[in-house]
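Biologist: I'd like to learn how to read charged side chains in a model. Can we go through one together?

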Amino acid sequence: MKTACPRGGSCMHRFIGCLFALVIFMLKFIMWLVAAVILFVAALWLYFRFATDALFSYAVRDADRIVIRDGGGTCHSNPDREPTLYEITNRADIAAFTDMFRFSGRSIPCKCCGYPGVDWWRDGKRFAVSALHHKERLRMDGFAGDLHLTEESSSRIMEWLKSHCGIAEDENWPRWRNCRMSRRILESEASVVTKKSGERPTLDALRVRLEKDRGKFPLCPSGGKYTLSYGEDGIPEVSCSEPDHSDVRKRR
């Protein structure tokens, strides 16, 4: 003898009906959730793809000076101490330079500090610090992630940097740091020679020695000329004719 449900009908039938309704609800919920995720991702892509240009233009609006710096971003870099490679003060030139920056999206920042540094000024104050990364991205303080340059934008900016600052395609490190490294090599070599022979070598003597042992003589990447001198304690010091290079403190 079958026992009827309190409200009539088979209990099993009602259970199956409730389960079916729950499955339908879950399927609809999943469909709406997937649709919401797709819309969110699409909106995020559209935002980073097309809004970045507008946000960048807004961030550097009213700039009255742009400084191209022989340095990088604010990581391991000091914009106040690094040499200036080029400066733009004409309003039309500032607008033309800014107009070259067009972006295709963003990405997770890389580990390097970038080169060269690009600073934006207004009323005598630096209000934005940025740096190019691998010639294809721009990292600017205040923006999440690296801003990817379009291929055309990257090409235009690199051509501009080459013609105005002499920056080569493969140049990705501050010149003053390369100069400091070269001078330290020469100072170290002079110390070695002094300890071995007891005589203080001249710069020409070091040139002959290094060209023989290493095949090249360290040079200033900016074309500065080196001079070698010895302090009262006999410690050699190599100076560069580039004022900005020699002014950088070497021993810290």
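Biologist: Which side chain of opposite charge is nearest to Asp 53, and how far away is it?

Modeller: Start with the general idea: side chains of opposite charge can pair when their charged atoms come close. We call it a salt bridge when a side-chain nitrogen of Lys or Arg is within 4 Å of a carboxyl oxygen of Asp or Glu. Lys and Arg count as positive, Asp and Glu as negative, while His and the chain ends are not counted. Here, the nearest one to Asp 53 is Arg 102, 4.4 Å away, and Asp 53 has no salt bridge although it is buried. Buried means under 20% relative accessible area, exposed means over 50%, and partly exposed is in between (1.4 Å probe, protein chains only). Keep in mind that this is a predicted model, where local features need pLDDT of at least 70 and side-chain atom pairs count only at pLDDT 80 or more, while totals for chains, interfaces and linings use all residues. Residues are numbered from 1 along each chain as its sequence is written, and side-chain values use heavy atoms, leaving out hydrogens and water.

Biologist: What does the side chain of Asp 53 reach, then?

Modeller: The backbone nitrogen of Phe 103, at 2.9 Å. That's a polar contact: N or O atoms within 3.5 Å, where within protein one must be able to donate a hydrogen and the other to accept it, and residues adjacent in sequence count only if both atoms are side-chain atoms.

Biologist: And which salt bridge does Arg 102 make?

Modeller: Arg 102 pairs with Asp 99 at 2.7 Å, N to O. Asp 99 is partly exposed, at 38% relative accessibility, and so is Arg 102, at 33%.

Biologist: How many salt bridges does the structure hold?

Modeller: Twelve. One of them joins Arg 69 and Asp 119 at 2.8 Å, N to O. Arg 69 sits in strand 1 (residues 65-69) and Asp 119 in strand 4 (residues 117-122), so the pair links parts of the chain 50 residues apart. Arg 69 is buried at 1% relative accessible area, and Asp 119 is buried at 1% as well. Strands are DSSP runs of E, at least two residues, and helices are runs of H or I, at least four, numbered from the N terminus.

Biologist: Where else can I look for a buried pair?

Modeller: Try Asp 146 and Arg 137, which meet at 3.3 Å, N to O. Asp 146 is buried at 0%, and Arg 137 is buried at 13%. Elsewhere, salt bridges with shared partners join Arg 69, Asp 80, Glu 82, Asp 119 and Arg 126 into one network.
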